[in-house]
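Subject: Structure for you to look at

Hi,

Here is the structure I said I'd pass on. Have a look at it first, and then read my notes underneath.

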Amino acid sequence: MCTYLGEGGKDVLARTRSCSQTGPTYIADEPRSAKPGILQIIEIPGLHTRPVKPHGTPHGAVSTHTTRSTTLKIHPIATMFPPLTNEELHEITSSVRAHGLRHPIVLGPDGVLLDGRHRLAVCEVLGIEPRFTTYEGDDPDGYVLIVNLRQRDLTTGQAAMIATKAQVGTETNEHLAPAAAIRSLSEMTGISMGRLELADFVMRHEPNLVDLVITRAVSLDKAHGIALASKARAQASREHLARLRTEAPDLADRVITGEFTEIQAWNKYTERVQEDIRQRRVATYLLCDVVTALAQTRGSRTFAKYDPQYQAPGRPVTRETITHAMTALTEMDAVWRERDLP
């Protein structure tokens, strides 16, 4: 068990892998790929910061804090973590007011702010000169991820989603198979593979829920359930389109050209199928009534008793009608032979 001093000097326990599922975050003692490096204390007297809230910062962009002498870019992974609550900010402010800035702001060699953006804002509010340290390791991305996971009071779902989002586009994620990438991330962060697999599934199939999980607006389990349904719908759409290409290529073409959505085309196809069933049912009933009744008159001399005065209104039996009936029966016989019906 090791201890990390987080925001405001609060102790944040980094849990070992053997007991990683006992608390709100799953953190390993020594992440394999997040080397802490050497932190050198740098005093910058007279430096005051003024935090600037970014507006509409897109995914992957960097936010900034402006100072009198320079502009500090915030590492994009740090911005993935949800803002501190008012209670957490009050705790940091009280600590810094009482004890000063006990833990300096961490910058990368390129000046990017890796850790301490909230401490930096508190220093500005209280008029305290911030101290800065330089991270000299070789994995700033891993450092930012691990140090923030250790400090923040996150649910397992939040931690898994942030770690998964942070890994997107990294060399590890691009060169390893999905299962291997998840295993590597689990070993690095201490987050269970089960939670990371759920987060990865949501990332792939319902990416619009990622930030909602991170901000705790939606639980990871609920997001996973929605993602499962989305995947099922997407699979059904692919299957529908494949079937349309075979059975209704004209509708498939209208999907490809954008005239119909897959759902609209499938509904049109369903309507066609239902209408075809209706027509086949009506035709079958008609033939069963007419042809069966006609067959029963064979050899009965029923025809000789035909009397025009009793014919059904609008349905006279004439020589022309008989000719058409004989033609229809000939055509019907040909169809029965073609379909090999009894």
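Below is what I found, going from the whole chain to single residues.

Before anything else, please keep in mind that this is a predicted model. The protein chain has 342 residues, and 36% of them are buried. Its secondary structure comes to 13 helices and nine strands. If you look at contacts in the chain with a separation of 6 or more, 63% of them are between residues 24 or more positions apart. The accessible surface is about 20,800 Å², and carbon and sulfur atoms account for 54% of that.

Next, the largest pocket. The space in it is about 1,100 Å³, and 24 residues line it. If you want to find its centre on screen, go to V290, L294, V317, T321 and A325, which lie nearest to it. Two elements give two or more residues to the lining: helix 12 (262–296) and helix 13 (319–339). Which of the elements gives the largest share of the lining? That's helix 13, with eight residues. Sorted by class, the lining has 16 nonpolar residues, along with four polar and four charged ones.

While you're at helix 13, check its length too. It has 21 residues and reaches 30 Å from its first C-alpha to its last, close to the 30 Å expected at 1.5 Å a residue. Right after helix 13 comes D340, and this one caught my eye: its phi is positive, about 55 degrees, although D340 is not a glycine. For background, most residues other than glycine have a negative phi. Is D340 buried or exposed? D340 counts as exposed, because its relative accessibility is 67% and the cut-off is over 50%.

There's a second residue of this kind. R216 isn't a glycine either, and its phi is positive, near 75 degrees. You'll find R216 in the loop between helix 9 and helix 10. At 57% relative accessibility, R216 counts as exposed.

That loop takes you to helix 10 (residues 220–247). How far apart should the ends of its 28 residues be? At 1.5 Å a residue the span should be 40 Å, and the end C-alpha atoms are 40 Å apart, so the two agree. The buried residues of helix 10 are L220, A223, H224, A227, S230, S237, L241 and L244. What do they pack against? The partners are helix 5 (156–167), helix 8 (193–205), helix 9 (210–214), helix 11 and helix 12.

A229 is also in helix 10, but A229 is partly exposed, because its relative accessible area of 34% falls between the 20% and 50% cut-offs. A229 and H205 are 24 residues apart along the chain, and their C-alpha atoms are separated by 9.2 Å.

One last spot is T261, in the loop between helix 11 (249–256) and helix 12. T261 is partly exposed as well, with a relative accessible area of 43%. From T261 to L251 is ten residues in sequence and 9.8 Å in space, C-alpha to C-alpha.

If you only have a few minutes, I'd start with the lining of the largest pocket, where helix 13 has the largest share, and then move along to D340, in the segment after helix 13.

Cheers

Notes: Residues are numbered from 1 along each chain as its sequence is written. This is a predicted model: local features need pLDDT of at least 70, side-chain atom pairs count only at pLDDT 80 or more; totals for chains, interfaces and linings use all residues. Side-chain values use heavy atoms; hydrogens and water are left out. Helices (H or I, at least four residues) and strands (E, at least two) are DSSP runs, numbered from the N terminus. Buried means under 20% relative accessible area, exposed over 50%, partly exposed in between (1.4 Å probe, protein chains only). Contact means heavy atoms within 4.5 Å. Accessible areas come from the Shrake-Rupley method with a 1.4 Å probe; for residues, only the protein chains shown count as cover. On a 1 Å grid over the protein atoms alone, a cavity is a set of points where a 1.4 Å probe fits but cannot get out, and a pocket is an open set with protein on both sides within 12 Å along at least five of seven lines; lining residues have an atom within 4 Å of a point. Grid points are joined across faces, edges and corners, and a volume is the space filled by probe spheres set on the points. Ala, Val, Leu, Ile, Met, Phe, Trp, Tyr, Cys and Pro count as nonpolar, Asp, Glu, Lys and Arg as charged, and the others, Gly among them, as polar. The expected span of a helix is 1.5 Å times one less than its number of residues.
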